[in-house]
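This report goes through one protein structure, from its surface to its interior. Please keep the sequence and the 3D view open while reading.

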Amino acid sequence: MDNRTNLVGRTSAEITELIAPHVDRDFRGRQVAQWIIDRNASSFGEMTNLSLALRRDLDSYFSIEEPEVLQVIESSDGSSKFLFGLSDGVGVEGVSMREGAKATFCLSSQAGCAVGCTFCVTGAIGAGRNLRPGEIVSQYRAMLRHLDAEVERINIVFMGMGEPLLNTGNLGPALAVLSERVSLKRITVSTAGILPGVQWLAGLEKRPKLAVSLNAPDQDRRAHIMPIAHRYPLVDLMKALREFPLEHGRRITFEYVLIDGFNDAENDARATARLIRGIPAKVNVIPLNEDREHFPDLRRPAAAVVDRFAAGMRDVGLTVTVRWSKGEDVAAACGQLRQRQSTR
Ligand code: SF4
């Protein structure tokens, strides 16, 4: 068993403090923190501005431990799907999406999900344990190493496996580390509408952006596909969102998974626009990522229906983006890759 203290998932200040008793000069701790946080080092051997003796000494007390990258599958559309193996053998996924000079890293916060949305493979897998800060931050580190060229901008979205606002105890420290490299303006936490979590986020001194998975304009249909809405009804969620503190220029993102014949009528577009009226918002319309094995009855609407739905919202002044799934050829819907791996 490795009894060393893992430095991954700790802020620069925490690393510096941990290192302090083992070095003769204060700045050594800051150097180690720079190597790990700024330069993404994965071993003490890389820290060439430290003496060999000090590197060996540090290696006996500390580790730079990250989950194993079990698989990376490249999609024809430029996205890369990662399967990580955690130390207890559990698998989690993440996706890196590259668009020109911009990359978006989609990270997981749990190794499964208890929320049980009926259109989501991770929901079908069921509950999984909370990821620790190091396990969350490591996904970012691995994706950064995998980029084949410098990118000008990295965005992080917590839209992978799990409900991040059911893991705030680990999400908070992970955000503290990630925000040393990526501005909180470029980090988005997406929730199915966990009210205590939304309130936790609202209470932070500095907070990332908020996205809410809405998916229907009324309580009944929302609860039908998102059972969590029984516990946190739409009316309460909307009240919390109206009160959510937004920094200048920020908006709440509403995600709307479009399902054929269920929530894709023009009336639904208008009703959704009415529901979010008054909230600085933008809407991401996401045509369903079909999975015949887990939800055989759910279909993606035709492209014309998707366009008509988005146009219905734009007509009343909403900012709408249609997000066709990336990496479908590599099972990019979260949970699909892990599920296929374990089925095999
Ligand atoms: S959509 Fe998100 S919250 Fe819902 S089951 Fe999937 S991972 Fe969980």
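Is serine 87 buried or exposed? Serine 87 is exposed, with a relative accessible area of 60%. Here buried means under 20% relative accessible area, exposed over 50%, and partly exposed in between, with a 1.4 Å probe and protein chains only.

The model is predicted: local features need pLDDT of at least 70, side-chain atom pairs count only at pLDDT 80 or more, and totals for chains, interfaces and linings use all residues. Residues are numbered from 1 along each chain as its sequence is written, and side-chain values use heavy atoms, with hydrogens and water left out.

**Loops**

Serine 87 sits in the loop between strand 4 (79-85) and strand 5 (91-99). Helices (H or I, at least four residues) and strands (E, at least two) are DSSP runs, numbered from the N terminus. Apart from neighbours within four places in sequence, serine 87 has contacts with Glu65 and Arg132, where contact means heavy atoms within 4.5 Å. From C-alpha to C-alpha, serine 87 and glutamate 65 are 9.5 Å apart in space, and 22 residues separate them in sequence.

Two asparagines in loops have a positive phi. Asparagine 40, although not a glycine, has a positive phi of about 60°. Its loop runs between helix 2 (26-38) and helix 3 (52-61), and asparagine 40 is buried at 10% relative accessibility. For asparagine 215, also not a glycine, the positive phi is about 70°. Asparagine 215 belongs to the loop between strand 9 (209-213) and helix 8, and its relative accessible area is 0%, so it is buried.

**Buried residues in helices and strands**

The table lists three residues with their elements and relative accessibility.

| Residue | Element | Relative accessibility |
|---|---|---|
| Threonine 104 | strand 6 (residues 102-106) | 13%, buried |
| Valine 177 | helix 6 (residues 168-178) | 6%, buried |
| Asparagine 284 | strand 11 (residues 281-287) | 8%, buried |

Which residues touch these three, once neighbours within four places in sequence are set aside? Threonine 104 is in contact with Val95, Ser96, Met97, Asn155 and Val157. Valine 177 touches Gly9, Arg10, Thr11, Ile37 and Val137. Asparagine 284 has contacts with Thr253, Phe254, Glu255, Tyr256, Thr321 and Arg323. Valine 177 and glycine 100 are 26 Å apart in space, C-alpha to C-alpha, and 77 residues apart in sequence.

Helix 11 (residues 266-276) has Asp268, Ala269, Ala271, Thr272, Ala273, Leu275 and Ile276 as buried residues. The cover over these buried residues includes helix 8 (219-225), helix 10 (234-242), strand 10, strand 11 and helix 12. After helix 11 comes glycine 278, with a positive phi near 95°.

**The nonpolar core and aromatic pairs**

A nonpolar core is a set of buried Ala, Val, Leu, Ile, Met, Phe, Trp, Tyr and Cys residues joined through side-chain atoms within 4.5 Å. The largest one here has 94 residues, and Val32, Phe158, Leu241 and Phe254 have the most contacts inside it. Beyond its neighbours within four places in sequence, phenylalanine 158 is in contact with residues including Leu107, Ile136, Leu171, Ile187 and Val189.

The whole structure contains 4 aromatic pairs. One of them joins tyrosine 256 and phenylalanine 309: it is tilted, with 4.8 Å centre to centre and 40° between the planes. Tyrosine 256 lies in strand 10 (residues 252-258) and phenylalanine 309 in helix 12 (residues 303-315), so the pair ties together parts that are 53 residues apart in sequence. Rings of Phe, Tyr and Trp (its six-membered ring) pair if their centres lie within 6.5 Å; planes under 30 degrees apart count as stacked, over 60 as edge-to-face and the rest as tilted. Tyrosine 256 is buried at 1% relative accessible area, and phenylalanine 309 is buried at 1% relative accessibility.

**Cysteines and the ligand**

How many disulfides does a search of the whole structure find? The search finds 0 disulfides, a disulfide being a pair of cysteine sulfur atoms within 2.5 Å. Cysteine 106 is buried at 7% relative accessible area, and cysteine 117 is buried at 12% relative accessibility.

Cysteine 117 is also one of the residues around the ligand, together with Cys113, Val115, Gly116, Cys120, Gly123, Gly162 and Ala192. A residue is near a molecule if one of its heavy atoms lies within 4 Å of it. The shell divides into 5 nonpolar, 3 polar and no charged residues. In this count Ala, Val, Leu, Ile, Met, Phe, Trp, Tyr, Cys and Pro are nonpolar, Asp, Glu, Lys and Arg are charged, and the others, Gly among them, are polar.
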